[in-house]
Amino acid sequence: GEGGDQIVDEWGFHADLLSRFRLRELITKARSFAAEYKNSMLDHLRLAVLRLVPERWLYLRRRILKNVPPSWVKEEACARLGFKEKIFRSHPKPRFHSHCQSFTYEQITNPYGTLKLELEERVFAKFSLEMRYPFYDSRLVEFMLALPWQERSSGERKEILRTALRGIVPDMILARRDKGDHTSETDRGLSFFCAGGNLEPFNQSGLISRYVRFNEAQKLVTRYFKGEKDLRFNVWFLITVDRWLKQFNQGVQHERKEKSEKEVPVSKSH
């Protein structure tokens with residue numbers, strides 16, 4: 001199912017309605033989608049408004065608020081990596097006839113999606129498995145990008161997919177409206193790993209202080225354990241960066257040891 005949300009979901013649909021001033025229909029569809037997603041209608045209206053904001057204004061907002069990069073990332077590390085220049089640089093995008101098409105394109109090409117697929121490939125390769133992604137079939141992608149925005153939905157989430165699979169997939173599955181996620185498992189795992197919100201498990205590599213300001217990271221972890229659960233992946237990223245540094249450093253030390261052992265000079269007989 002990887003790619004289903006990115007390819008056949010109706011992201012951008014409400015922005016298309018708003019940009020064409022179809023306000024009554026926008027309210028009706030936003031209410032319908034809110035019931036599908038089990039969230040607030042205002043969330044969908046807010047996303048529709050944000051889609052209409054010119055991209056250069058969003059970059060300007062980042063500069064004014066100065067919340068990018070996060071406060072727990074060290075300035076020196078950002079400078080070495082040219083992080084700010086990359087974040088604040090505007091990236092030209094192809095023009096599309098609708099926000100639906102534009103959003104689908106962004107979802108397919110965004111760096112996080114590419115990274116996720118690469119990581120999955122490596123994980124499954126350890127178990128001698130090779131993954132396939134039917135939703136990323138080029139013919140389906142081309143079809144969805146070419147589809148007029150008004151054909152994407154009449155108010156039901158993933159309506160195109162449900163319609164296409166009618167008579168193939170059991171009705172009970174087609175009628176399903178919930179969506180599984182791993183947030184509760186992630187929260188449980190982080191609570192076990194960082195008992196009491198302490199930062200000690202974050203520095204097993206001994207190297208993370210090169211990139212992270214520990215006092216700010218501690219504030220982040222504390223806020224998460226006090227109830228700001230939307231920060232769960234920020235906390236998770238701190239842990240995974242530390243684990244990567246630990247594994248990478250161990251690999252480098254092992255290579256150096258092997259190299260030094262090979263370079264030991266052989267004593268000459270007299």
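# Briefing: a helical chain and its cores

Beyond its neighbours within four places in sequence, Trp72 is in contact with Tyr211, Val212, Arg213, Glu216, Ala217, Leu220, Asn234 and Leu238. The model is predicted. Its chain has 15 helices and 0 strands. Of its 270 residues, 30% count as buried.

**Nonpolar cores**

- The largest nonpolar core has 18 residues. Trp72, Phe202, Val212, Val235 and Leu238 touch the most other members.
- Helix H14 (214-225) and helix H15 (232-262) each supply at least two residues of this core.
- Another core lies apart from it, with 11 residues. Among them are Leu17, Leu18, Phe33 and Ala48.
- In soluble globular proteins, nonpolar side chains tend to be buried together.

**Nonpolar patch on the surface**

- Some nonpolar residues sit on the surface instead: Tyr112, Phe233, Trp236 and Phe237 form a patch there. Together they have about 440 Å² of accessible area.
- Helix H15 gives the largest share of this patch, 3 residues.
- Phe237 is part of helix H15. Its relative accessibility is 38%, so Phe237 counts as partly exposed: the value falls between the 20% limit for buried and the 50% limit for exposed.
- Helix H15 thus appears in two settings: it supplies at least two residues of the largest core, and it provides 3 residues of the surface patch.

**Helix H8 and its cover**

- Helix H8 spans residues 99-109. Its buried residues are His99, Cys100, Gln101, Ser102, Phe103, Thr104 and Glu106.
- The cover over these buried residues includes helix H1 (4-7), helix H2 (13-19), helix H4 (41-52) and helix H10 (138-146).
- Cys100, one of the buried residues of H8, has a relative accessible area of 0%.

**Cysteines**

- The structure holds 0 disulfides. A disulfide is a covalent bond between the sulfur atoms of two cysteines.
- Cys78 counts as buried because its relative accessible area, 5%, is under 20%.
- Cys100 is buried for the same kind of reason, because its 0% is also under 20%.

**The chain as a whole**

- Take the contacts between residues at least 6 apart in sequence: 68% of them join residues at least 24 apart.
- The chain exposes about 19000 Å². Carbon and sulfur atoms supply 58% of that area.

How values were computed:
Residues are numbered from 1 along each chain as its sequence is written. This is a predicted model: local features need pLDDT of at least 70, side-chain atom pairs count only at pLDDT 80 or more; totals for chains, interfaces and linings use all residues. Side-chain values use heavy atoms; hydrogens and water are left out. A nonpolar core is a set of buried Ala, Val, Leu, Ile, Met, Phe, Trp, Tyr and Cys residues joined through side-chain atoms within 4.5 Å. Buried means under 20% relative accessible area, exposed over 50%, partly exposed in between (1.4 Å probe, protein chains only). Helices (H or I, at least four residues) and strands (E, at least two) are DSSP runs, numbered from the N terminus. Contact means heavy atoms within 4.5 Å. Patches are made of residues with over 30% relative accessible area and no salt bridge: like charges are joined within 9 Å, nonpolar side chains (Val, Leu, Ile, Met, Phe, Trp, Tyr) within 5 Å. Accessible areas come from the Shrake-Rupley method with a 1.4 Å probe; for residues, only the protein chains shown count as cover. A salt bridge is a side-chain nitrogen of Lys or Arg within 4 Å of a carboxyl oxygen of Asp or Glu. A disulfide is a pair of cysteine sulfur atoms within 2.5 Å.
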